[in-house]
Amino acid sequence: MKFAVTSKGDSKSNSLMHKVRTYLQDFNLEYDEDQPDIVVSIGGDGTLLYAFHRYKKRLDKTAFVGVHTGHLGFYADWTPDEVEKLVIAIAKTPFQVVEYPLLEVIVRYQHGGRESRFLALNESTVKSVEGTLVMDVEMRGEHFETFRGDGLCVSTPSGSTAYNKALGGAIIHPTIDSIQLSEMASINNRVFRTVGSPLVLPAHHTCLLRPVNNVDFQITIDHLSLLHEDVKSIQFLVAPEKIRFARFRPFPFWKRVHDSFIAN
Ligand code: NAP
């Protein structure tokens, strides 16, 4: 089996990265940064986001596991003390895999029928470059509302504990194939009206945003932020691809939620 190890880049994560690499090679596993079967991400959830984007072209072949060198993460749920145990478990392949849904984002541009496709593990956000974001929101091809406000966020179930949660979105169990649309400071008065609640869409529904006036937007895909000009529409749906996590012990999602947000 081939493996790769990624690090957040701080000294604690780097030294753990070298340790994991040496241990796994001692078990005769092959280090392959380009085509790994398993990626051990060391740092935090942010580090796993980077690892996901690095290997997103081979999601059907690569599984991920995360070790946290700071606080407990949703993707990075192994502690540095457990690394020896983790290495032995990885060496004793095959391992169990759990799959989480991803978000597909298709940005279409005004001219030449151009479009770009993105995959997000946590979420995508849309903000105006200048002034209030004004977007017509369509659900399954039907006009739903005209949004006016700071921005919109569409998250995956596993991303629902990240930015989405800060926006008052619900925490969604990652076995539910869905995406969630949440508002950032919508303008609601006698003239302008939005639903005001986060919306959870099933896998066979799609949400489309159409610009009302400005056509330039700042669009984030997880930690990546890009300016998109001359945008015709932005479509969000549950992606056909999934991320695969290598599971070596039970750590139920609701326990992770409890331990991250409630327990000391
Ligand atoms: P960052 O600003 O350095 O870190 C954002 C924080 O979000 C980190 O504490 C990170 O955990 C945590 N996080 C990432 N994914 C998570 C998840 N699925 N569930 C719970 N917490 C999660 O940015 P970054 O490390 O490059 O990560 C980009 C992410 O930041 C975005 O995808 C977005 O979700 C999040 N973000 C949140 C807000 C907000 O809450 N107001 C605003 C902007 C962006 P670790 O410390 O373990 O890495």
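Which residues is serine 116 in contact with, leaving aside its neighbours within four places in sequence? Keep that in mind as you open the viewer; the tour ends there.

**Before you start**

This is a predicted model, in which local features need pLDDT of at least 70 and side-chain atom pairs count only at pLDDT 80 or more, while totals for chains, interfaces and linings use all residues. Residues are numbered from 1 along each chain as its sequence is written, and side-chain values use heavy atoms, with hydrogens and water left out.

**Stop 1: the ligand**

Select the ligand and show what surrounds it. You should find 16 residues, the closest being Asp45, Gly46, Asn122, Glu123 and Thr161; a residue is near a molecule if one of its heavy atoms lies within 4 Å of it. By class this shell has six nonpolar, seven polar and three charged residues. Here Ala, Val, Leu, Ile, Met, Phe, Trp, Tyr, Cys and Pro count as nonpolar, Asp, Glu, Lys and Arg as charged, and the others, Gly among them, as polar.

Now look at N and O atom pairs; a polar contact is such a pair within 3.5 Å, and within protein one atom must be able to donate a hydrogen and the other to accept it, with residues adjacent in sequence counting only if both atoms are side-chain atoms. A side-chain N or O atom of glutamate 123 is 2.4 Å from an oxygen atom of the ligand. For histidine 71, a side-chain N or O atom is 2.9 Å from a ligand oxygen. At serine 158, a backbone N or O atom lies 3.1 Å from a nitrogen atom of the ligand. Taken alone the ligand exposes 840 Å², and the protein buries 62% of that (Shrake-Rupley method, 1.4 Å probe; for residues, only the protein chains shown count as cover).

The elements that give two or more residues to the shell are α2 and α4 (163–166). Of the elements, α2 gives the most, with three residues. Helices are DSSP runs (H or I, at least four residues), strands likewise (E, at least two), and both are numbered from the N terminus.

**Stop 2: aspartate 45**

Next, select aspartate 45, in helix α2 (residues 45–54). UniProt places the feature "active site" here, in an unreviewed entry; its positions follow the numbering used here, feature names are shortened, and annotations may be inferred rather than shown by experiment. Aspartate 45 counts as partly exposed because its relative accessibility is 22%; buried means under 20%, exposed over 50%, and partly exposed in between (1.4 Å probe, protein chains only). Beyond its neighbours within four places in sequence, aspartate 45 is in contact (heavy atoms within 4.5 Å) with Gly73, Phe74, Tyr75 and Ala76.

**Stop 3: asparagine 122**

Move to the loop between β7 and β8 (123–128), where asparagine 122 is found. Asparagine 122 is buried, with a relative accessible area of 9%. Its side chain makes a polar contact with the side chain of tyrosine 75 (2.7 Å).

**Stop 4: histidine 204**

Then select histidine 204, in the loop between β12 (199–202) and β13 (207–211). Histidine 204 is exposed, with a relative accessible area of 56%. The side chains of histidine 204 and histidine 205 make a polar contact (3.3 Å).

**Last stop: serine 116**

Finally, select serine 116 in strand β7 (residues 115–120). Leaving aside its neighbours within four places in sequence, serine 116 is in contact with Val105, Ile106, Val107 and Tyr109. With tyrosine 109, the serine 116 side chain makes a side-chain polar contact (3.0 Å).
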